[in-house]
Structure formats: structure tokens, C-alpha cells
Amino acid sequence: MKFSTKIIHAGQEPDKATGAVVVPIYQTSTYKQEEVNVHNGFEYSRTGNPTRQALEESLAALENGRFSLAFSSGLAAEHTVLSTLKPGDHVVAAEDMYGGTYRLFEQVFKPYGLQFSYVNGNTYDFEKAIKPETKLFWIESPTNPLLRIIDIASVSTIAHKNDIKVVVDNTFASPYFQQPLQLGADLVVHSTTKYIGGHSDLIGGALIVNDEEWYAKLKFLQNAIGAVPGAFDSWLMLRGIKTLSVRMYQHEKNALRIAEFLENHPAVSQVFYPGLSSNQFHTLAKQQMTGYGGMISFKLLNGDITKVNSFVKKLSIISLAESLGGVESLVCYPSSMTHGSIPEEQRNTIGVTKDLIRLSVGIEDVDDLIEDLSQSLNY
Ligand SMILES: *Cc1c(COP(=O)(O)O)cnc(C)c1O
């Protein structure tokens, strides 16, 4: 089955009990049992719920994986992955990452005895950072917010030679443009809040994995820790998934036009978008992705918080807000919003500087978006 058919049908077959074409919202916490120890697959909705199960089947199919687990947020999914480790275990992560992931590593799991190293993202840097205790490589690609591309296949090869597993946060690309398990990664993380939900109306997360033993551990922890999505949010995610292809197609088409517009604008000093042929990661992106996505970052010439503020105040269609991946265009100021939990010194080393703006390109008419950007860059 091709991707655009899977998003509509995989896991989303008509309901067995009623024939309902759309997966029903099974808004129940518990299930009647025929007798003690005899039930029809569901006991309690933290452990399992039919709407959530449909979502998990859908997500596994989209990533071409064997198993999937849904969570109440992206960070809840990440928390569950890290909970499979024990004190002393070591994780190597690419330094350009979502601020909340960094905060989870440094402020939640470090005090429990996990060790973290941060590297630039080249395969060689990952290899150099390996210690006897290294259990995981943690990658985002494209990275947040600088849209760097990490070579998932070559990092996975190095990892597997050293008995290390590779986690890829695939939130920015979405499975429409990139399927990390096919490139050799062991586990995919999603904040389904973003492109998978697609309408800025829910918070959710997911894991997709092929290894059965790791899946069993994660499934145990999903229930034991308990950060599961409710039936209604699971249904919203299923509803979002059905239009993933048409949305991603339009996000990218708009993003390409806008990236070119920004690249030629005198008030913009730098544009980060892997779809631009001038981008240093363009060739690698072309190799491992089937498209470049809808996220762009750019720097205002001599920009600082005052200039950024006068820019965002002039925008009339595009809103200043956290998050990304919805149908509406949003801008964000990473250094004090999404990446505010990373210390300033580290932010500057990575390149998340005070002139940087991140744009989540929506699916509005691109001419309106360019006009909005154009009148706002004229300060
Ligand atoms: C938003 C985001 C997360 C965290 O997900 P939540 O759903 O907000 O908990 C993780 N990784 C990336 C790349 C994100 O953009």
C-alpha cells in the first residue's frame, strides 16, 4: 500500500462492532469482563483503548515499523524511552535539539544518574563520543531550529558496530518526507502535536520501533508510567493523519517559495532551509529525504530582540507562537521561546543567536504569506 492510501486506511478500518466508517471515540476508562481473567482484549484504558490502538496501528504503518505506542505528549514519549536506561548509562545527542528534550536530559534524568554528551552531528563526532556505557545515540534531523541534516544511515552503522541503539526524533520531517527505520535507526520519536496532528489543537507523542524486546519494555513502561493520550485526542490525531500527504505537499511547496524570497531579501542575513541549493546540507537532505519540509529559520541583519519585536508586531497573518506543523503559519524566537531552557552560552555555541527567527510555514496562499513577510521586514 502506498503512503497516501495508508494514512487513510491503515489502522482506520471501519469499526468491527458497528460498521462506523470513522474510528469511534471509545470514551471509557474500563471494560466489562465476562468472568475473572476473561476479557476481549481491553481491561482498563491506561493499558489499552480501541481508539488509541487504531492510532498506534496507523503510526506504525506510516513509519514502516512493526510496533507503535502513543503518548500524551512528545516529551512523555521521550521520558518513556529514557526510562529503559539505568543509572550510569550514557547517551550521545546532537547538540542542536529541541529545548524541552535538553531540559529532560539535564534536569530530570541527569539527577537520576544518566550521562549525556552533546556533539556537533557529524558521524565522526558521534563515534568519538562513545564510552563503554554508551547505550543510545539521540538525533533530530532536520534539527530544531537550525535545520541541519544528520546522516542517519552512517550514524546508525557506527552505532550498531558498538552495540548502541539510534533514536531519531522525526517530528520536523514527518513520515511523509523521511522514514528513519528504513535508514537503519532503531526507534522513531514524534511530537504528534506538530505535523501529525497538523491543526494546532492537541498535544501528543509517539514511538515506533521494530525490535520486539525493546517494544515489550516500552509497552510495559507506557502502562507503568501512564502518560497515555485520551480517546478524544487519539481520535484527533487519527483525523489529522488522514490529510498528512496533502498538507506536507503544500507546506513544502510554500516553504520553497518563501525560502527563496527570504534569501534575496536585504533585511535577511542568512536563511536555513535544506531545500535551497545553496544550503550546506542540500545534497544529504536529497539523499535521505523525499522532500525538505515546511520549517525555515532565518537571521535578521543586525537583528536583536528589539528588531525581532518590531518585525513580529507588523505581521498580520502570521502569529508569534510556540509550536509548529499546523495549517497556520507561525513564527517563533528560539532563543527565548522554544530554546529558552538552554543556557545562553550553549545557545551561542550552537548558533541559536538573538537574531534568529524560526518560521513554520502553513498552507495558506503563499502570495499572502510573502506579502505579510515583505511588509513586516520593512522596518
Ligand atoms: C515539540 C517537540 C518535542 C516535544 O513534544 P511535545 O508534544 O511538546 O511534548 C520534541 N521534539 C521536537 C522536535 C519538537 O518540536
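Modeller: Buried area is the accessible area that two parts lose on being put together, summed over both. Keep that in mind for this model, which is predicted.

Colleague: Which two parts does the domain assignment give?

Modeller: The assignment gives domain 1 (3-241) and domain 2 (244-377). Their centres, taken over C-alpha atoms, are 26 Å apart.

Colleague: How do you know that domain 1 and domain 2 bury area between them?

Modeller: Set the value against the definition. The loss, summed over both parts, is what counts as buried area. For domain 1 and domain 2 that comes to about 3500 Å². Carbon and sulfur atoms hold 62% of it. Contacts tell of the meeting too: 43 residues of domain 1 touch 40 residues of domain 2.

Colleague: Which three residues of domain 1 supply more of its buried area than any other three?

Modeller: I149, F177 and Y195. They supply 25% of the area that domain 1 buries against domain 2.

Colleague: What makes a group of residues a nonpolar core?

Modeller: The members must be buried residues of the listed nonpolar kinds, joined through side-chain atoms within 4.5 Å. The largest such core here has 66 residues. I258, L262, V271, I296, F298 and F311 touch the most other members. Helix α10 (residues 244-263) gives the largest share, seven residues. Domain 1 and domain 2 each provide at least three residues of this core. A separate second core has 28 residues, among them A76, L85, M97 and L114. As a general point, nonpolar side chains tend to be buried together in soluble globular proteins.

Colleague: What is I296 in contact with, leaving aside its neighbours within four places in sequence?

Modeller: Its contacts include L147, A255, I258, A259, L262, V271 and F272. Others on the list are Y273, I357, R358, L359 and V361.

Colleague: Why is H339 called buried or exposed?

Modeller: The cut-off for buried is under 20% relative accessible area. H339 has 1% relative accessibility, so H339 counts as buried. H339 is in the loop between β11 (330-332) and α13 (344-350). Beyond its neighbours within four places in sequence, H339 contacts M97, Y98, G99, N144, P145, P334, R347 and V352.

Colleague: And why does V308 count as it does?

Modeller: The reasoning is alike. V308 has 4% relative accessibility and therefore counts as buried. V308 is in helix α12 (residues 305-314). Leaving aside neighbours within four places in sequence, V308 contacts L300, Y333, K354 and I357. V308 and L356 are 48 residues apart in sequence, and their C-alpha atoms are 8.5 Å apart.

Colleague: What makes β12 (residues 356-360) mostly covered?

Modeller: Five of its five residues are buried. L356, R358 and S360 point one way, I357 and L359 the other, and all are buried. That pattern has a general background: side chains in a regular strand alternate between the two faces of the sheet.

Colleague: How do you know that β12 pairs with β9 (residues 295-300)?

Modeller: Pairing calls for at least two bridges. β9 and β12 have five, in the antiparallel sense. M295 stands opposite S360 in β12. β11 and β12 also pair in the antiparallel sense, over three bridges. There C332 has R358 as its bridge partner in β12.

Colleague: What order do the strands take in the open sheet of seven strands?

Modeller: The order is β1-β7-β6-β5-β4-β2-β3, with mixed pairing.

Colleague: Why are β1 (67-71) and β3 (115-119) called edge strands?

Modeller: Each pairs on one side only. The twist averages 20° from one strand to the next. β2 (residues 90-94) pairs with β3 in the parallel sense over five bridges. In that pair A94 stands opposite V119. Helix α8 (residues 212-225) packs on the sheet and touches β1, β4 (134-140), β5 (165-169), β6 (187-191) and β7 (205-209). The direction of α8 makes about 20° with that of β1.

Colleague: Why is helix α9 (residues 231-241) called largely enclosed?

Modeller: Because eight of its 11 residues are buried. They are A231, S234, W235, L236, M237, L238, G240 and I241. These buried residues pack against α1 (3-9), α2 (50-62), β1 and α10.

Definitions and conventions: Residues numbered from 1 in each chain as written. Predicted model: local features only at pLDDT ≥ 70, side-chain atom pairs only at ≥ 80, totals over all residues. Heavy atoms only, no water. Buried < 20%, exposed > 50% of the residue type's maximum accessible area, 1.4 Å probe, protein only. Helix = DSSP H or I, 4+ residues; strand = E, 2+ residues; numbered from the N terminus. Domains from an automatic or database assignment. Contact = heavy atoms within 4.5 Å. Axes fitted to C-alpha atoms, helices over the stretch in contact; angles between N-to-C directions. Buried area = accessible area lost by both parts, 1.4 Å probe.
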